[in-house]
Amino acid sequence: METKTSINDVSAPGNSILETGTENSRLEGQLPSGENIVTSNEEPFECDLRRLAKPQSDEISLTAAPIIEVIDVKKSYFLGGVEVPILHDINLKVQEGEFLAIMGPSGSGKSTLMNLIGFLDRPTEGKIIIKGLDINKLSDKEVARLRGLEIGFIFQTFNLIPRLTALENVELPTYANSRSGVNTHERAKELLRLVGLEDRMHHKPGELSGGQSQRVAIARALINDPAILLADEPTGNLDSKTGCEILNIFKKLNEDGRTIVMITHDPEIAGYADRIVFLKDGIIQSNAE
């Protein structure tokens with residue numbers, strides 16, 4: 001059956017509308033509370049990466065339409081006229097509110113799959129559907145709007161702009177896409193407070209630690225209140241303690257209703273998710289609950 005959803009009907013969790021300059025009903029009161037974010041002023045905590053399964057009462061419906069659907073996807077690149085296949089017949093569904101980890105060795109296609117889900121690239125064959133919208137049926141402008149308002153990206157290398165302050169880095173995505181009725185400058189400051197960086201807002205990336213930089217990246221990913229967070233090895237450049245703090249933030253975001261897809265090669269970190277997908281040689285090997 002073909003999807004009839006309009007681009008204007010897509011929203012983040014809640015009733016916000018995917019369109020530059022629209023209302024966002026989740027702006028207030030839905031972010032992780034400040035007391036749950038570990039800051040540099042708090043006592044060191046013991047971090048246990050083993051995460052208990054969500055209770056059955058948690059409303060991740062397996063019968064509802066998935067928020068992310070990957071259907072028969074193949075991806076190849078052409079180098080010197082030679083086709084190099086990366087992904088083969090990938091099929092994957094992610095439910096709204098799910099925390100999914102994608103595991104696999106280097107070169108398995110994990111980051112390529114994340115880039116496809118995040119519309120940073122298009123599949124060679126197959127479909128990728130986000131909230132009922134098929135990327136193959138969208139214009140470049142519609143894809144950019146969908147990506148800008150509904151998907152937040154967090155990378156291993158942070159990808160902050162060196163000449164901008166932390167506050168300016170967080171605000172950056174709103175220059176292309178934003179929701180009406182939102183004071184993006186004040187929201188950026190509030191997000192930095194929530195990730196424990198109120199006193200570092202006006203510092204540039206070169207003046208921040210790795211953990212602080214990743215917190216800025218998380219705040220930036222949340223600036224447009226996206227439904228989905230895509231994290232590619234988000235703790236890969238961090239020490240164990242700082243990595244635990246970042247995962248603690250992810251846990252709170254997921255508990256507040258965000259769908260999270262996290263790429264990792266570390267089984268301990270993957271065990272933090274609700275479900276694990278194993279990718280090898282561009283093929284999904286198995287799913288682990």
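This is a short talk about a sheet, a pair of helices and one buried isoleucine in a predicted model.

Hi everyone, thanks for coming. Please keep in mind that we are looking at a predicted model today.

Let's begin with the sheet. Strands of a sheet pair through backbone hydrogen bonds, either parallel or antiparallel. Here we have an open sheet of four strands, running in the order S2-S1-S4-S5, and the pairing is antiparallel. At the edges sit S2 (82-94) and S5 (133-134), each of them pairing on one side only. If you look further in, S1 (residues 68-79) and S4 (residues 125-130) pair through five bridges, again antiparallel. Which residue in S4 is the bridge partner of Lys74? That would be Glu125.

Now on to the helices. H4 covers residues 184-194 and H5 covers residues 210-222; they pack at about 140°, with axes 9 Å apart. Angles over 145 degrees would count as roughly antiparallel, so H4 and H5 are called oblique to each other. Their crossing is right-handed. On the H4 side, Arg187, Leu191 and Leu192 meet Val216, Ala219 and Leu222 of H5. Sorted by class, that contact has five nonpolar residues, one charged and no polar ones.

Last stop: Ile260, which you'll find in strand S8 (residues 259-264). Is Ile260 buried or exposed? With a relative accessible area of 1%, Ile260 is buried. Its contacts beyond four places in sequence include Phe99, Leu100, Leu229, Phe250 and Leu253. Ile228 is 32 residues away from Ile260 in sequence, yet their C-alpha atoms are 5.9 Å apart.

That's my tour, and I'm happy to go back to any part of it.

Note on methods:
Residues numbered from 1 in each chain as written. Predicted model: local features only at pLDDT ≥ 70, side-chain atom pairs only at ≥ 80, totals over all residues. Heavy atoms only, no water. Axes fitted to C-alpha atoms, helices over the stretch in contact; angles between N-to-C directions. Helix = DSSP H or I, 4+ residues; strand = E, 2+ residues; numbered from the N terminus. Parallel < 35°, antiparallel > 145°, perpendicular 65-115°, else oblique. Left-handed = near helix turned anticlockwise from the far one by under 90°. Contact = heavy atoms within 4.5 Å. Nonpolar A, V, L, I, M, F, W, Y, C, P; charged D, E, K, R; others polar. Pairing = 2+ DSSP bridges. Buried < 20%, exposed > 50% of the residue type's maximum accessible area, 1.4 Å probe, protein only.
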